[in-house]
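Here are a few exercises to work through with the model open in your viewer. Try each task before reading its solution.

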Amino acid sequence: MYKRQHLIRALELLQSQLPGGRVAAINTNENGAETTVNGWFHSALTGVPVIDLACNGRAHPSSVMGSMGLHLDPDYTSIQAYAGGHPEFYVEGVTKGRMEATSSVVRRASVEADGWVGVARNPVSVGYAASNGAAGAISFAIELGRVFLDGGVQAVTERLGGRIIASGTVGSYSCEPVEGLDIGKVVLTDAAATTLLFVNEYMVAEHDGERVGAFPDLIMTFDENGVPLPSARVQPGQTISVLVAPASSLILACLLYTSDAADERSSVDLGGRRIINKKTQGVSDGTHVTHYQYEPYVQMNTYNRKDDS
């Protein structure tokens with residue numbers, strides 16, 4: 001549970017850690033089921049502008065996938081501020097350190113808060129965000145939403161150059177919380193035994209025994225009325241359709257075109273267990289960013305056990 005004061009409190013906590021306490025702009029961490037508008041509320045109350053950029057142009061389960069490459073810079077110190085929870089479980093704080101460590105702290109805080117905390121994290125320069133984030137991702141999402149409202153699932157499928165790989169009844173659904181992540185599988189009763197694996201987000205789609213989509217391709221389910229249905233809301237017995245669209249149709253951050261992201265994708269365990277590899281990787285001289293303190297720029301999001309970005 002989070003309230004508007006929790007969102008603002010997270011921003012206040014992060015600003016207290018910045019030189020001069022100044023934030024020039026806010027961006028969302030991702031385009032997701034509910035995350036595209038992250039930061040809009042903060043902007044309305046504080047006057048700090050939201051810009052048309054996401055850390056990643058699609059939803060993702062791991063901090064690495066939404067880091068804009070910050071985890072590769074050994075000199076970057078991640079700063080993440082959080083606040084939220086039911087009154088009896090309320091938590092707030094600031095954590096600093098390596099990206100993987102600070103993300104783990106926030107993920108754990110969301111569990112202790114009984115599900116949700118507001119988070120402001122990882123200030124960078126405007127220039128760095130523009131070069132490494134998914135610029136234009138928000139306007140793209142808005143335009144796609146208009147396409148959906150006008151023409152439904154079929155229009156969105158055509159706009160993304162995708163295809164409906166299956167329509168059928170959910171025969172089985174499993175979901176297991178593991179270290180703040182929801183890991184599971186959806187299996188349809190259709191003749192192709194269409195199977196979807198997810199780690200918060202859909203990561204793999206298999207149809208008739210063949211893999212037909214894998215992160216960062218977009219895999220999405222819709223209910224029988226054509227309403228988007230995130231993995232967390234799928235239930236056995238529902239009639240759903242499965243859309244798969246190529247990653248090339250999306251606006252993605254730079255990281256998803258690197259070998260680091262490819263390594264993460266290939267680490268999917270078809271048994272439905274945790275898929276994220278913990279590893280370190282160096283960066284060559286000249287790629288380090290050394291001016292995060294200038295024009296601080298903050299990634300905003302609401303965070304629960306289903307969001308590690």
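**Exercise 1.** Which residue in β13 does A166 stand opposite?

*Solution.* A166 stands opposite V242. Before going on: this is a predicted model, where local features need pLDDT of at least 70, side-chain atom pairs count only at pLDDT 80 or more, and totals for chains, interfaces and linings use all residues. Residues are numbered from 1 along each chain as its sequence is written, and side-chain values use heavy atoms, leaving out hydrogens and water. Next, β7 (residues 163-178) and β13 (residues 239-245) pair antiparallel over six bridges (a pair takes at least two DSSP bridges; strands are DSSP E runs of at least two residues, helices H or I runs of at least four, numbered from the N terminus).

**Exercise 2.** Place that pair in its sheet, then find the edges.

*Solution.* Start with the order: β11-β10-β9-β8-β7-β13-β12, an open, antiparallel sheet of seven strands. The edges are β11 (210-214) and β12 (218-223); each has a single partner strand, so one side of each lacks a neighbour in the sheet.

**Exercise 3.** Check whether α5 spans what a straight helix would, and locate any kink.

*Solution.* First, α5 has 23 residues, so a straight helix would reach 33 Å (1.5 Å times one less than the number of residues). Second, its end C-alpha atoms are only 15 Å apart. Third, look at G151: a kink of about 130 degrees is centred there (the angle between axes fitted to the seven residues ending at a residue and the seven starting there). Finally, just past α5, G161 has a positive phi of about 65 degrees.
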